[in-house]
Amino acid sequence: MLNTKRLLDEKTVIAIMGPTASGKTALALALAQSYPIEIISVDSALIYKTMDIGTAKPSKQELAQVPHHLIDILDPLQSYSAAEFVYDCKRLVDQIHQRGHLPVLVGGTMMYFHALQQGLADLPSADAKIRAELTQAYQVDSSALHDVLAGVDPGAAARIHVNDPQRLIRALEIYQLTGQSLTLLQAKQSSANWPVNLCKVGLIPQDRAWLHGRIEQRLKIMFEAGFVGEVRALYQRGDLKADLPSIRCVGYRQVWDYLEGQYDLETAFDKSLVATRQLAKRQLTWLRKEPSMLEMDPARFKAEEQLAKLKAYLRLHKNY
């Protein structure tokens, strides 16, 4: 194995970042042919059990090739925060290093990557009474509640859409509990102070049509593989609702609405496609702001070329 001792001595952590359908898993599995790695998923959808097709979860064969972590850890009824991810990820990184392996973070949930590197504000726990009052106010007039947020926290109001009740209500809840805005509290957040050599690789396609084509092809394969049946099984459980984080995952919410009779299956596919493309656009926006990262265009470089570039980067990289 190449330079493994040096990389372990330097506490190297490799992060393979990119939009959906950009080839992150393929690059990670190729890397496993040269280094003893373990993969930590950085994906807010892969955490859920029984949600396999619509999340493009690695196959049983892929999971058998390399140890994977933070996949299939929760029931869809449960939620998982960025803070929980940071705690779990740092714990796993230490354990993987102790086993003499290299941790490789793979995924596209950019909020998780951000929280891992920048730390998290110390925010208060939820208050059931305040949340219930705000939820009722939102149901009466969502625009008016958004105006309230704009009055106490213009920064958060600019970031949070009026049709995003979870984040809107949380921002106002925090203000009522602390007397300080979410924006101010986040500005006070401390550095993550994580003593590792974080080596970041970004798969950033320059040709949007190339990425859109891959997204559409993958979505077609998902629908042909039984994605609707997978969502129907979740729908028929009876204890899951449309506003849960699991059901709000791209594709799942659109098929859920189809099952509720809001539109036909063709429309569900089209809406899923639009939502996935919008997700990719948001991911790329995050990535283009990411500092100190090796950028590679997966439309230009084949897997073996990506691997060669990553190996060369690892031979030189230090970030502390």
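**Figure 1. Overall view of the predicted model, in which the protein comprises 15 helices and 6 strands.** The structure shown here and in the close-up views that follow is a predicted model. The C-alpha atoms occupy a box of roughly 60 × 45 × 35 Å when it is taken along the principal axes. The radius of gyration is 21 Å, which agrees with the value near 20 Å that a compact globule of 320 residues would have. Of the 320 residues, 47% are buried, and the protein exposes about 16100 Å², of which carbon and sulfur atoms supply 51%. Among contacts with a separation of 6 or more, 77% are accounted for by residues 24 or more positions apart.

**Figure 2. Close-up of the packing of helix 2 against helix 15.** Helix 2, which spans residues 24-31, packs with helix 15, spanning residues 303-316, at an angle of about 65 degrees, and the two axes lie 10 Å apart. The crossing of this pair is right-handed. On the side of helix 2 the contact is made by L27, A30 and L31, and on the side of helix 15 by Q306, L307, L310 and L314. Sorted by class, the residues of this contact comprise 6 nonpolar and 1 polar, with no charged residue among them.

**Figure 3. Close-up of the packing of helix 4 against helix 5.** The axes of helix 4 and helix 5 (residues 110-118) are 9 Å apart, and the angle at which the two helices pack is about 65 degrees. The crossing of helix 4 with helix 5 is right-handed. Helix 4 contributes A82, F85, V86, C89 and K90, which meet Y112, A115 and L116 of helix 5. The residues in this contact divide into 7 nonpolar and 1 charged, with no polar residue.

**Figure 4. Close-up of H97 in helix 4.** H97 belongs to helix 4, which covers residues 82-98. The relative accessible area of H97 is 16%, and because buried means under 20%, H97 is classed as buried. When its neighbours within four places in sequence are left aside, H97 is in contact with L8, K11, T12, V13 and P103.

**Figure 5. Close-up of two loop residues, A21 and D72, each with a positive phi.** Most residues other than glycine have a negative phi. In A21, a residue other than glycine, phi is nevertheless positive, near 70 degrees. A21 is placed in the loop between strand 1 (12-17) and helix 2, and A21 is buried, with a relative accessible area of 8%. D72, also a residue other than glycine, has a positive phi near 60 degrees. The place of D72 is in the loop between strand 3 (68-69) and helix 4, where D72 is partly exposed at a relative accessible area of 33%.

**Figure 6. Close-up of T50 and the residues with which T50 is in contact.** T50 lies in the loop between strand 2 (37-42) and helix 3 (60-65). With a relative accessible area of 49%, T50 counts as partly exposed, because the exposed class begins over 50%. Apart from neighbours within four places in sequence, the residues in contact with T50 are P76, E230 and L234. V231 is separated from T50 by 181 residues in sequence, while the C-alpha to C-alpha distance between T50 and V231 is 9.4 Å.

**Figure 7. View of Q180 together with C89.** Q180 is found in the loop between helix 9 (165-178) and helix 10 (182-187), and its relative accessibility of 26% makes Q180 partly exposed. Q180 and C89 are 91 residues apart in sequence, and their C-alpha atoms are 29 Å apart in space. C89 is one of the residues of helix 4 that meet helix 5.

**Figure 8. Close-up of D257 in helix 13.** D257 is part of helix 13, which runs over residues 252-259. This aspartate is buried, having a relative accessible area of 10%. Leaving aside neighbours within four places in sequence, D257 is in contact with Q262 and Y263.

Technical notes. Residues are numbered from 1 along each chain as its sequence is written. This is a predicted model: local features need pLDDT of at least 70, side-chain atom pairs count only at pLDDT 80 or more; totals for chains, interfaces and linings use all residues. Side-chain values use heavy atoms; hydrogens and water are left out. Axes are lines fitted to C-alpha atoms, for helices over the stretch in contact, and angles run from 0 to 180 degrees between N-to-C directions. Helices (H or I, at least four residues) and strands (E, at least two) are DSSP runs, numbered from the N terminus. A crossing is left-handed if the near helix is turned anticlockwise from the far one by less than a right angle, and right-handed if clockwise. Contact means heavy atoms within 4.5 Å. Ala, Val, Leu, Ile, Met, Phe, Trp, Tyr, Cys and Pro count as nonpolar, Asp, Glu, Lys and Arg as charged, and the others, Gly among them, as polar. The radius of gyration is taken over C-alpha atoms; the globule rule is 2.2 Å times the number of residues to the power 0.38. Buried means under 20% relative accessible area, exposed over 50%, partly exposed in between (1.4 Å probe, protein chains only). Accessible areas come from the Shrake-Rupley method with a 1.4 Å probe; for residues, only the protein chains shown count as cover.
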